[in-house]
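Here's a walk through a protein chain with a ligand attached, written for someone who likes to know where the atoms sit. Have the viewer open and follow along.

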Amino acid sequence: MRDAITGLIGRYDQLGRYFDRSAIDRIDSYFGQAELRLAAVELINREAATIVREAAQRLWLEDPELLLPGGNAYTTRRLAACLRDIDYFLRYASYALVADDFTILDERVLNGLDDTYKSLGVPTGPTVRSIALLGEVIAEMLADSGMADTGLVRAPFEHLCRGLSSSNVRAR
Ligand SMILES: CCC1=C(C)/C(=C/C2=NC(=C\c3[nH]c(/C=C4\NC(=O)[C@H](C)[C@H]4CC)c(C)c3CCC(=O)O)/C(CCC(=O)O)=C2C)NC1=O
C-alpha cells in the first residue's frame, strides 16, 4: 500500500535528495485536487449501493444476454457474485482515489484476477465495461452536484480496465 506522498518521499529518500521543483509541483497538484478527491469519496460513502446498481443497470441495458440462460450473470448466485465484484471495484477504486496511487489496485484487485476470471468463464469485456461505467456514473454525479473537472475521478477505474484487459499484471 502506497500513496502519492509516501511514494514521492520514498523515491527522494532513496536518492538522498531534498524535494526539487518537480516534486513540489507533484505535491502541489495532489493537494490542489484534494477537494475533488474528498467529494468523490464522500459521494461513494453515501451512495455506494446506488452507484453499483446504476453501473450494473447500464451494463444490462448494453449487454442483456449476460442475464439470460447461457450468460455468465444468469442465476441469482452468479448475479450476486457479479454485483459483489462491482462493489469490490468501487471500494478499492475509492482507496486509490484518496491515495492518488494505483499500487493497491495492482496488489489487491488485479493480481491474479484475470486467471480467476478465465478459469470461471467470467467474460473480461463486460467486466471491464462495468468498471468504466462506475467511473462514468461517479463523474456524472459529481458534475451534477456542481463539481468542475471531474475527469480525474475516473483514473483508478481506467487503471483497473487497462490492467484487466491487458492482463499483464503479475505478482510483484
Ligand atoms: C477484492 C478483489 C476481488 C475480486 C475482484 C474478486 C473477484 C471474483 N469474482 C468471482 C466470481 C464471479 N464474478 C462474476 C462476475 C461477472 N459475471 C458477469 O457476467 C459480469 C460481466 C461480471 C460482473 C460485472 C461472476 C458471475 C462470478 C461467479 C462465477 C461462477 O462461480 O460461476 C470470483 C470467484 C470466487 C467467488 O465467486 O467468490 C472472484 C475471486 N474476488 C476478490 O477478492
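What follows goes from the overall fold to the ligand, then to one helix and a few individual residues.

**The big picture**

First things first: this is a predicted model. The chain has eight helices and zero strands, so if you write out the pattern along the sequence, you get α-α-α-α-α-α-α-α. Lined up along the principal axes, the C-alpha atoms fill a box of roughly 60 × 40 × 20 Å.

There are 172 residues in the chain, and 38% of them count as buried. About 9,800 Å² of the chain is exposed, with carbon and sulfur atoms supplying 53% of that area. Take the contacts with a sequence separation of 6 or more: 69% of them come from residues 24 or more positions apart. On the charge side, you'll find 20 positive and 25 negative side chains, and the centres of the two sets lie 5 Å apart.

**Around the ligand**

How many residues surround the ligand? The count is 23, and the closest are Asn72, Arg77, Cys82, Arg84 and Asp85. Three of the side chains come with a polar distance to the ligand, listed here.

| Side chain | Ligand atom | Distance |
|---|---|---|
| Asn72, polar atom | nitrogen | 2.7 Å |
| Arg77, N or O atom | oxygen | 3.1 Å |
| Asp85, polar atom | nitrogen | 2.7 Å |

On its own, the ligand has 880 Å² of accessible area, and the protein covers 80% of it.

**Helix H5 and its surroundings**

Now move along to helix H5, which spans residues 103-110. H5 is mostly covered, with six of its eight residues buried. Which residues of H5 are buried? They are Thr103, Ile104, Leu105, Asp106, Val109 and Leu110. These buried residues pack against three other helices: H4 (76-99), H6 (113-120) and H8 (155-166). Just after H5 comes Gly112, with a positive phi of about 85°.

Thr103 is worth a click. This residue is in helix H5, and its relative accessible area is 14%, so it falls under the 20% cut-off and counts as buried. The Thr103 side chain is joined to that of Asp101 by a polar contact of 2.3 Å.

From the H8 side, look at His159, which lies in that helix. Is His159 buried or exposed? His159 is buried, because its relative accessible area of 15% is under 20%. Setting aside neighbours within four places in sequence, His159 is in contact with Phe102, Leu105, Asp106 and Leu110. Leu105, Asp106 and Leu110 also appear among the buried residues of H5.

Phe102 sits in the loop between H4 and H5. With a relative accessible area of 25%, Phe102 is partly exposed, because that value lies between the 20% and 50% cut-offs. Not counting residues up to four places away in sequence, Phe102 touches Ala96, Ala155, Pro156 and His159. How does Phe102 sit relative to the ligand-contacting Asn72, and what is the C-alpha to C-alpha distance? Phe102 and Asn72 are 30 residues apart in sequence and 28 Å apart in space.

**Loops and backbone angles**

Most residues other than glycine have a negative phi. Two aspartates in this model go the other way. Asp100 has a positive phi, near 50°, and Asp149 has one of about 50°.

Their surroundings are worth setting side by side. Asp100 belongs to the loop between H4 and H5, and its relative accessible area of 18% makes it buried. Asp149 is in the loop between helix H7 (124-144) and H8, and at 69% relative accessibility it counts as exposed.

One more loop residue to finish: Gly70. Where is Gly70? Look in the loop between helix H3 (34-62) and H4. Gly70 counts as exposed because its relative accessibility, 81%, is over 50%. From Gly70 to Thr124 you cross 54 residues in sequence, and the C-alpha to C-alpha distance is 16 Å.

How values were computed: Residues numbered from 1 in each chain as written. Predicted model: local features only at pLDDT ≥ 70, side-chain atom pairs only at ≥ 80, totals over all residues. Heavy atoms only, no water. Helix = DSSP H or I, 4+ residues; strand = E, 2+ residues; numbered from the N terminus. Buried < 20%, exposed > 50% of the residue type's maximum accessible area, 1.4 Å probe, protein only. Contact = heavy atoms within 4.5 Å. Areas by Shrake-Rupley, 256 points an atom, 1.4 Å probe, with all protein chains shown as cover. Lys, Arg positive; Asp, Glu negative; His and termini not counted. Charge placed at Lys NZ, Arg CZ, Asp CG, Glu CD. Near = heavy atom within 4 Å. Polar contact = N/O pair within 3.5 Å; in protein donor to acceptor, adjacent residues only side chain to side chain.
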